[in-house]
Amino acid sequence: ASAQTGKPPVSISMPDLPNVGSLISDEETPEGSATPLSTLGMTAADTEQGTAGAGEALRTRIMAQVEQQQSQAETKAAAEAVAAAEKQAAEAAAKAEKEAKAKAEAAKKKAEEEAAKKAEAERLAELAKQYTLPTSSYTLSSTFGQAGAYWSSGYHTGLDFAAPTGTLIKAVHTGTITSAGWDGSYGYKTVLTLDDGTEIWYAHQSSISVSVGQKVNTGDVIGRVGSTGNSTGAHLHLEVHSGGSGSGIDPMAWLQGKGLTP
Ligand SMILES: [Zn+2]
């Protein structure tokens with residue numbers, strides 16, 4: 001007998017493969033068989049020849065172990081792929097939800113803006129019933145703030161309604177006449193003071209038909225268009241002095257704020 005005769009398979013060294021020992025442990029032996037793995041199916045001659053048969057069996061089992069580990073690796077990779085897909089789906093869902101929310105908020109904001117716009121239009125329409133333009137059949141010949149040497153202040157302080165001499169001038173709103181008479185470059189001028197303190201100045205009139213202290217209502221005739229004072233042609237020069245301001249404000253903007261379109 002050689003020195004290797006009867007050498008047990010456990011001595012086969014394959015350090016790179018894990019759990020080799022467990023593959024040949026007693027626990028791995030098939031139930032009901034007490035035959036050691038190393039001698040299973042072997043003849044005496046086989047045994048005499050060495051452990052070739054047992055080595056083959058071990059190799060087969062090791063390969064099975066390797067395949068199992070490969071299978072486990074594939075399972076892990078598959079699980080990771082599933083997790084990645086689920087994460088991607090969750091992110092897509094979150095993005096879609098965020099976009100839907102932003103869209104809903106934009107729609108809500110738009111609806112609110114339209115409602116506010118509609119309410120403002122209704123408010124101006126109601127105001128327009130209480131206010132009126134100062135004259136009719138006119139042409140706007142000069143606007144507020146226009147620069148020019150013609151005006152003593154260097155710029156135009158009112159809004160000019162060009163109309164034939166004698167055209168009726170009306171109270172733009174309910175108020176009280178606080179001034180009526182000659183006023184230098186303004187010519188014949190009437191001042192209507194509204195309940196909120198706003199003063200409406202009518203200048204260059206050809207005639208005045210109200211007196212100081214008189215109460216007037218919207219649309220009441222207070223005088224006629226002319227070209228008195230510093231004027232080069234028949235027109236109504238209208239000024240608006242809000243809260244007693246000296247220089248006045250833009251009559252166009254003020255009238256528009258009352259729902260009117262000069
Ligand atoms: Zn003017």
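Me: What makes β2 and β10 count as a pair of strands, and in which sense do they run?

Reply: Strands pair if DSSP finds at least two bridges between them, and β2 and β10 have 4 bridges in the antiparallel sense, so they qualify. One facing couple is F161 and L236 in β10. A strand here is a DSSP run of E, at least two residues long, numbered from the N terminus. Bear in mind that this is a predicted model, in which local features need pLDDT of at least 70, side-chain atom pairs need 80 or more, and totals for chains, interfaces and linings use all residues. Residues are numbered from 1 along each chain as its sequence is written, and side-chain values use heavy atoms, without hydrogens or water.

Me: How do you know that β1 pairs with β2?

Reply: Strand β1 (residues 139–142) and strand β2 (residues 159–162) run antiparallel over 3 bridges, which meets the minimum of two. Within β2, D160 stands opposite S142.

Me: Why are H156, D160 and H237 called donors of the zinc ion?

Reply: A donor is an N, O or S atom within 2.8 Å of the metal (3.2 Å for Na, K and Ca); water is not among the atoms, so a site may look incomplete. H156 gives NE2, D160 gives OD twice and H237 gives ND1, at 1.9 to 2.7 Å from the zinc ion, so they fit the limit. Along the sequence the donor residues follow the spacing H-x3-D-x76-H.

Me: Why is the zinc site called irregular?

Reply: Four donors are tetrahedral if all angles lie between 85 and 135 degrees; four are square planar, and six octahedral, if opposite donors are over 155 degrees apart and all others between 65 and 115; anything else is irregular. The 4 donor atoms here make angles of 54 to 161°, and 54° fits neither four-donor range, so the site is irregular.

Me: What makes H156 and D160 buried?

Reply: Buried means under 20% relative accessible area, exposed over 50%, and partly exposed in between (1.4 Å probe, protein chains only). H156 comes in at 0% and D160 at 7%, so both are buried.

Me: How do you know which strand belongs to the open sheet's edge?

Reply: The open sheet has 3 strands in the order β3-β9-β7, with antiparallel pairing. An edge strand pairs on one side only, as do β3 (168–170) and β7 (207–208). β3 meets strand β9 (residues 221–224) over 3 bridges, with K170 partnering V221 in β9.
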